[in-house]
Amino acid sequence: MRTIELLSRLQSIGPHSGHYHYSTSHCCLIESTMAEDISKLHFATRAVHTGVNKDSLFNSCTTPIYTSSTYYWNDLETNSGYDYTRSANPTRTALEENISALEGGVGAQATATGMAAITAAMHLFSPHDHIIAGNDIYGGTYRLFADVFTKMGLEFSFVDMSDPQNVKDAIKPNTKCIWIETPSNPLLNLIDIAAMTEIAKQADVLTIADNTFLSPYLQRPFEYGVDIIVHSTTKYLNGHSDVVGGCVVSRTEELAAKVAYTVNSLGLACAPFDAFLVLRGVKTLAPRMEAHQRGAEALARMLDEHPHVEKVYYPGLESHPHHELAKKQQDGFGGMLSFDIKGGRPAAEKLFAKIQLFQLAESLGGIESLIEYPETMSHASMTLEARREAGISENTIRVSVGIEAPEDLVADMKQALEE
Ligand SMILES: *Cc1c(COP(=O)(O)O)cnc(C)c1O
């Protein structure tokens with residue numbers, strides 16, 4: 001795998017070459033013990049220490065931002081392991097090693113956006129290949145699949161994947177991939193990851209999971225045999241609503257090499273400054289996710305009993321149809337929830353006008369609470385029929401719960417729901 005190769009090349013340069021290098025002896029404990037020992041450390045520890053790429057030139061404790069587009073060679077055969085930033089960059093490598101370790105993969109590519117990550121993953125396929133995806137996947141992914149990649153000759157079936165039988169029935173001789181996004185957006189339906197990888201194994205097809213909604217802190221699809229994980233790091237991994245980014249993580253070295261080749265060929269990699277921001281964000285992933293889900297659970301319980309609310313979609317509620325599956329395959333219920341308000345769009349508009357602590361905005365996963373209306377915002381790129389089929393109505397409101405005090409969020413939501 002590229003990173004490992006890189007690592008050994010860097011190590012062979014040695015600590016006194018005057019170039020950027022890894023020193024395995026003192027400052028990079030984690031890299032030097034990655035293979036055997038990293039899994040013994042707790043998640044929160046790995047998030048802080050993995051792939052930090054300290055610069056031993058000045059003993060910096062954090063990762064420098066290497067803005068150089070190009071790197072000089074020592075002679076015609078040797079360089080530092082980096083030659084051109086589109087192909088690889090030390091700041092980006094640090095982020096890639098971090099996310100890869102948190103997901104339990106062998107390598108990752110950090111991309112400019114989540115859509116760039118999905119674009120990279122989809123280039124594993126060729127015209128006439130058939131891909132099965134959920135009928136309630138992220139709107140931008142749906143558009144990319146149903147329009148852009150369909151025009152390029154890929155074939156898609158969009159099915160209700162909450163019932164594995166629908167996926168089995170959709171398998172065709174040219175099926176090459178099952179695309180898993182769980183929980184779904186915005187209605188938080190779950191897909192049984194183990195059931196999907198079982199079907200995939202029998203049909204000899206790849207599985208790719210979009211793990212954006214839960215992050216590796218709460219769900220690690222590789223543990224179920226998924227082949228590739230994609231992220232919009234824009235969301236929880238960065239967590240501060242101040243960068244767009246993505247990532248593709250691979251479970252095998254063969255796939256990691258293919259994805260690296262594609263990201264380099266298509267020029268999808270993220271800028272060093274963006275890599276630095278996401279790396280900075282990901283170090284606090286564990287405590288942030290804990291705070292997000294504390295708030296989400298408090299809000300979900302209040303909304304569930306509120307007379308102006310028709311229905312709450314949160315896998316942490318015992319009444320959620322996939323509550324047991326959530327307990328089985330997730331380490332928590334996450335920071336996203338949706339609900340149907342009684343009274344349709346006029347009631348929703350009133351709530352948006354009154355609410356104080358939740359900004360009316362798309363996106364999710366940031367420290368600040370956001371609220372939005374899928375009908376005209378996040379899911380506007382779907383057709384009306386596709387929205388209705390997925391269960392999104394004029395009553396549906398989606399909330400990305402931030403890390404504010406749950407009591408304040410509950411009180412604000414309550415006052416906004418009053419007549
Ligand atoms: C936001 C999002 C994407 C797209 O990511 P960008 O960073 O906006 O390109 C893909 N999948 C899911 C689940 C998302 O929430």
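In this predicted model, strand 2 (residues 130-134) pairs with strand 4 in the parallel sense, and three bridges connect the two. One end of this pairing can be placed by residue: histidine 130 has threonine 175, in strand 4, as its bridge partner. Strand 4 also pairs with strand 5 (residues 206-210), again in parallel orientation, over five bridges. Here glutamate 181 is matched by aspartate 210 of strand 5. Strand 4 spans residues 175-181, and six of its seven residues are buried, so the strand is largely enclosed by the rest of the structure.

**Cis peptide bonds after strand 4**

The loop that leads from strand 4 to helix 8 (193-203) contains proline 183. The peptide bond between threonine 182 and proline 183 is cis, with omega at about -5°. Proline 186 lies in the loop between strand 4 and helix 8 as well. It is joined to asparagine 185 by a cis peptide bond, for which omega is about 5°.

**The ligand and its surroundings**

The ligand is surrounded by 14 residues, and the closest are Gly114, Asp210, Ser232, Thr234 and Lys235. By class, the shell consists of five nonpolar, six polar and three charged residues. Helix 5 (residues 114-122) supplies the largest share of this shell, namely three residues. Aspartate 210, listed among the closest residues to the ligand, is also the bridge partner of glutamate 181.

Oxygen atoms of the ligand make polar contacts with the protein at the following places.

| Protein residue | Protein atom | Distance to a ligand oxygen atom |
|---|---|---|
| Methionine 115 | polar backbone atom | 2.9 Å |
| Serine 232 | N or O atom in the side chain | 2.8 Å |
| Threonine 234 | polar side-chain atom | 2.7 Å |

On its own the ligand has 380 Å² of accessible area, of which the protein covers 92%. Serine 232 and threonine 234 both appear in the list of closest residues.

**Positive phi values outside glycine**

Asparagine 59 has a phi near 55°, which is positive although the residue is not a glycine. The position of asparagine 59 is in the loop between helix 3 (43-49) and helix 4 (90-103). Its relative accessibility is 59%, and because exposed residues are those over 50%, asparagine 59 counts as exposed.

Serine 241 likewise is not a glycine and has a positive phi, of about 50°. This serine belongs to the loop between strand 6 (228-232) and strand 7 (246-250). With a relative accessibility of 43%, serine 241 is classed as partly exposed.

**Methionine 302**

Helix 12 (residues 285-305) includes methionine 302. The relative accessible area of methionine 302 is 10%; because the limit for a buried residue is under 20%, this residue is buried. When neighbours within four places in sequence are set aside, the contacts of methionine 302 are Val410, Met413 and Lys414. Glycine 246 lies 56 residues from methionine 302 along the chain, and the C-alpha atoms of the two are separated by 34 Å.

Conventions: Residues numbered from 1 in each chain as written. Predicted model: local features only at pLDDT ≥ 70, side-chain atom pairs only at ≥ 80, totals over all residues. Heavy atoms only, no water. Near = heavy atom within 4 Å. Polar contact = N/O pair within 3.5 Å; in protein donor to acceptor, adjacent residues only side chain to side chain. Areas by Shrake-Rupley, 256 points an atom, 1.4 Å probe, with all protein chains shown as cover. Helix = DSSP H or I, 4+ residues; strand = E, 2+ residues; numbered from the N terminus. Nonpolar A, V, L, I, M, F, W, Y, C, P; charged D, E, K, R; others polar. Buried < 20%, exposed > 50% of the residue type's maximum accessible area, 1.4 Å probe, protein only. Contact = heavy atoms within 4.5 Å. Pairing = 2+ DSSP bridges.
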